[in-house]
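Hi,

Here is the structure I promised to pass on. Have a look at it first, and my notes follow underneath.

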Amino acid sequence: MALRVLVVDDSAVVRAVVKKAISMCGVEVGTLYEAGDGGAALEILSRHEVDIVFSDLSMPGIDGHALVARMAEGESTKHIPIVIISAAPNVQTHLEDGCPAAVQAYIRKPFRPEDFRAILASVLPKVGRPPHAN
Amino acid sequence: MRTDTVMDVLRATTPKILEQVAFVFAEPTDSPEPFGEDVRAASIDFMGPLTGSLHLTTSSLCAAGLAANLLGVEPDDPAAVAYGADALGETLNILCGAVLLELFGAVDSNHFGLPRVGAAPSPDTSLLVETVSFMTDDGHRIDAGAVWRRTAP
């Protein structure tokens, strides 16, 4: 089954670049959802099944921290792997300091398309997905 | 922290980020061309060992160029024009993270807010301690500025 991806970032430009980077990873992407903040992301997650979430941290309204916490509380969302994408210099501490287990990795901005390939290769087998379409 | 240390980091980091984020090549200049009337100004607040804000100012045309390079479209593409401010703000967001990382490393006490982008220079431009001007290889001026104070321990 093709991968169902949710990209969460308040920048439409970043969402477009992330989508492009994911599409270059050799992974068969089925549906690629977009959300401009955590609230919109939770709305999508309540209506659709998603295999992996890529989320920024700093966003207006429900930010990435709150999104991760809310997903950890939800029975249907707590197992969805989350990859944090952030320009914050301390982004890795979110993986090290009591972050919900669903947060599998982080990508620091500015990122390269290769960063996504490596992350997907690492994360997808953990959720029973092959890292590449072929 | 000496003023010139922050500005040295800003002077060195801004071209790297412009290149990495949007494939824009820029060099510092001491004699920048004046901006036209159509100026975009982005600012972002940061907190930590230093508290203050960073600023990026350029023309709308250059901001559209940033968006075009990020999106992989022509600069006159409607999407590039529409997302110029978004691209400028995101570039500043990434620049802020890179500057703080360079100055302090990955310490947990550094935080920064959301970028704000306006059609005119930020109201507190007069407070800028210093601004570094850059010229891109296609002739656009980009100013990077900072205002800050040391946070009491």
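Where in chain B is confidence lowest, and where is it highest? Keep in mind that this is a predicted model. The low end is strand β4 (residues 111-112) of chain B, with a mean pLDDT of 87, while strand β1 (residues 26-29) of chain B comes out highest at 96. Chain B as a whole averages 88, and 90% of the residues score at least 70. For the complex, the predictor gives an ipTM of 0.86 and a pTM of 0.90.

On to the interface. There, 16 residues of chain A are in contact with 21 residues of chain B. Helix α1 (residues 12-23) of chain A supplies the largest share of chain A's side, five residues. By type, that side of chain A splits into 10 nonpolar, five polar and one charged.

I also spent some time on helix α3 (residues 64-73) of chain A. Gly64(A), Leu67(A), Val68(A) and Met71(A) are buried there. Looking down the axis of α3(A), these buried residues fall within an arc of 100°, so they line one face of the helix. That fits the general pattern: an α-helix has 3.6 residues a turn, so residues three or four places apart point the same way. The buried residues of α3(A) pack against β1 (3-8), α2 (38-47), β3 (52-55), β4 (82-86) and β5 (103-108) of chain A.

Met71(A) counts as buried because it has 24 C-beta neighbours inside 10 Å. Setting aside neighbours within four places in sequence, Met71(A) is in contact with Thr77(A), Lys78(A), Ile80(A), Ile82(A) and Ala102(A).

Cheers

Conventions: Residues are numbered from 1 along each chain as its sequence is written. Chains are lettered from A and ligands numbered from 1 in the order in which they are written. This is a predicted model: local features need pLDDT of at least 70, side-chain atom pairs count only at pLDDT 80 or more; totals for chains, interfaces and linings use all residues. A residue is buried if 20 or more other C-beta atoms lie within 10 Å of its own, exposed if 12 or fewer, and partly exposed in between; C-beta atoms are placed from the backbone. Helices (H or I, at least four residues) and strands (E, at least two) are DSSP runs, numbered from the N terminus. The arc is that of the directions from the helix axis to the C-beta atoms. Two residues are in contact if their C-beta atoms, placed from the backbone, lie within 7 Å. Ala, Val, Leu, Ile, Met, Phe, Trp, Tyr, Cys and Pro count as nonpolar, Asp, Glu, Lys and Arg as charged, and the others, Gly among them, as polar. pLDDT is the predictor's confidence in each residue, from 0 to 100.
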